[in-house]
Amino acid sequence: MKGPRLYPWLLLLVLIPVTALAAPTPGADGPRAAQTLVPAHGAYLGAYVQLDPVVKGDLAAFEKLVGRPHYSYLRYVGYGEPFPHRWAQEVVARGGIPQIAWEPNNGLAEVQEDAYLRGWAEAARHLGAPVLLRYASEMNGNWMPYSGKPDEYIRKWRLVYRVMHETAPNVVMIWCPFGTPRSNIPLYYPGDDYVDWVGINIYAVVYNNGDPKQPAEDTQLDQLRFVYNLYAERKPIAVCEYAATHFCSASKQCTTDFALKNMREFYEALPKLFPRVMFVSWFSVEASADGLAHNDYAVTTDPAVLNLYRELIQGDYFLAGPSAGAPVTPTTPDLPLIRPLGAVTAVVPKPPVRPTRPLPLIGQAVPGPSEVALSMRGAPPQAATGRVTLTATVGEKLTPDTVVFYLDGQVRCLTNMRPYTWDWNTAGYDPGEHAVRVVVTGADGSELAVREVSVIIADQ
């Protein structure tokens, strides 16, 4: 997803010999999944629902709301983290396949032919089912830590491709730029011999970068058409992430009509104009409320958007997967985040949620085996000013999936990469006491450990 990332990046690049990257050959386990997964007609349905505020990662609840099973679900995994076997098994058990966005968030230097890479490939093979592996996507955007040096990117892509295809014939590697900027997209293409499917991430937004002074000019169909015209004759095309914003926090606008217009245009254009699009996946996240971006993309939080999505994905063209079962009866959800529809709506910012009971200051840096501890670097917790870094240290008995930092009840950072840190600029926040809460979650979404402390911001 395009936008500010949740922690700072350091781009470290090294070279490896191109001669070491011979073109792969199919493994001994039979035909490549990349060949066998291409549908004869239509496009598979996918979604990202782990951060959806209504279903909260519950696949059955999501399918109940939208009225159809989905062929695939998305999960983000940082390079260096283990293969998400438990979650992938859940997707497979529902008759679908996992889409994994595997991101080298510390830069390309960590991507080496080593035990981790080969072990990850072995774990993917042991799943025993196809995997859509979206490695190092959105490389054309300067917000990614592996952007900026296309030659190095291609070398590392080819390395990963070779290892995956030698070890895991069930893995389909999707090369996936963002829809903009367009001009540098071809510079990162690894070559036909090293790409299974070509993907693209597209978001229909009113403003670029959440800035009302930057109205979005590139249309969603223009973005898709650019990639489609370059690669569709040779590769299946996948829309790995798509969403249309129905609320923009930057302009304080309810943009439901904008979302409905773009949704209908996009989904109805696929069979007519882009028949080589084999896969389309909705990114269902309320990013504005979480403070992660400026738009509400959740398909579940606006009744008009939900109803249109239900309508658009019906019929024979959009495929629910080979064994996902019959369509389910949609239900009317209890929507906690519904906003007024129609006209532009001014949004009055909510006052921060202040602690209602005394909280300890940050002090514990070493957690118990099943606890999480918080420490702060840059200022003492009783007089924080400027930029500080909060670090969550997880006990040895915990196996975290994600670590979420809250400030005064609002999400401010979500990360799955060690060390679990949040860089907080206290400038602009009211002086006085603020509640910081860190939650460690497991692969099934359960809370493994929680710690809440106070930070005092000094008068700046």
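Okay, a definition to begin with: two strands count as paired if DSSP finds at least two bridges between them. Keep that in mind for strand 13 and strand 16, that is, residues 387-394 for strand 13. Six bridges join these two, and they run antiparallel. If you want one spot to click on, take Leu-390, whose bridge partner in strand 16 is Trp-422. And before I go on, what you have on screen is a predicted model.

So, the overall picture. The protein chain comes to nine helices and 18 strands. It has 460 residues, and 55% of them count as buried. As for contacts, if you take those with a separation of 6 or more, 74% are between residues 24 or more positions apart.

Back to strands 13 and 16, and the sheet they sit in. That one is an open sheet of three strands, in the order 12-13-16, with antiparallel pairing. Strand 12 (372-377) and strand 16 (420-425) are at the edges with a single partner strand each, so each has one side without a neighbour in the sheet. On average, neighbouring strands here are turned by 20° against each other, ignoring direction.

Now the other open sheet I'd like to show. Four strands this time, with the order 15-14-17-18, and the pairing is antiparallel again. At its edges are strand 15 (410-415) and strand 18, each of which pairs on one side only. Neighbouring strands in this sheet are turned by 20° against each other on average, direction ignored.

Let's stay with strand 17, residues 432-441. How many of its ten residues are buried? Seven, so to speak of it as mostly covered is fair. Strand 14 (residues 402-407) is joined to strand 17 by six bridges, antiparallel, and there you can find Phe-405 standing opposite Val-438. Strand 17 is also joined to strand 18 (residues 447-457), by ten bridges, and that pair runs antiparallel too. Two pairs to look at: Val-439 has Val-450 in strand 18 as its bridge partner, and Gly-432 has Ile-457. Strands 17 and 18 make a hairpin with five residues between them. If you're checking backbone torsions, Gly-445 in that turn has a positive phi of about 85°.

Next, a strand from earlier in the chain. Strand 5, residues 171-175, has five of its five residues buried. Both faces are covered: Val-171, Met-173 and Trp-175 are on one side, with Val-172 and Ile-174 on the other. Strand 4 (residues 131-135) is joined to strand 5 by three bridges, and here the two run parallel. In that pairing Leu-132 stands opposite Val-172.

Okay, helices. In helix 3, residues 85-93, the buried residues include Trp-87, Ala-88 and Val-91. Why do the buried residues line one face of the helix? Looking down the axis of helix 3, they fall within an arc of 100°, so one face is what they line. The general background is that an α-helix has 3.6 residues a turn, so residues three or four places apart point the same way. On the other side of helix 3, Arg-86 and Ala-93 are exposed. And what do the buried residues of helix 3 pack against? Helix 2 (59-66), strand 2 (72-78) and strand 3 (97-103). After helix 3 comes Gly-95, with a positive phi near 90°.

Last one, a helix pair. Helix 7 (residues 256-273) packs with helix 9 (residues 303-312) at an angle of about 10°, and their axes are 10 Å apart. That makes the two roughly parallel, because angles under 35 degrees count that way. On the helix 7 side, the contact is made by Thr-256, Ala-259, Leu-260, Met-263, Arg-264, Tyr-267 and Glu-268. From helix 9 you have Ala-304, Val-305, Leu-308, Tyr-309, Glu-311 and Leu-312. By type, the residues of this contact divide into nine nonpolar, one polar and three charged.

That's my tour, happy to go back to any of these.

How values were computed
Residues numbered from 1 in each chain as written. Predicted model: local features only at pLDDT ≥ 70, side-chain atom pairs only at ≥ 80, totals over all residues. Heavy atoms only, no water. Buried < 20%, exposed > 50% of the residue type's maximum accessible area, 1.4 Å probe, protein only. Arc of directions from axis to C-beta. Contact = heavy atoms within 4.5 Å. Axes fitted to C-alpha atoms, helices over the stretch in contact; angles between N-to-C directions. Parallel < 35°, antiparallel > 145°, perpendicular 65-115°, else oblique. Nonpolar A, V, L, I, M, F, W, Y, C, P; charged D, E, K, R; others polar.
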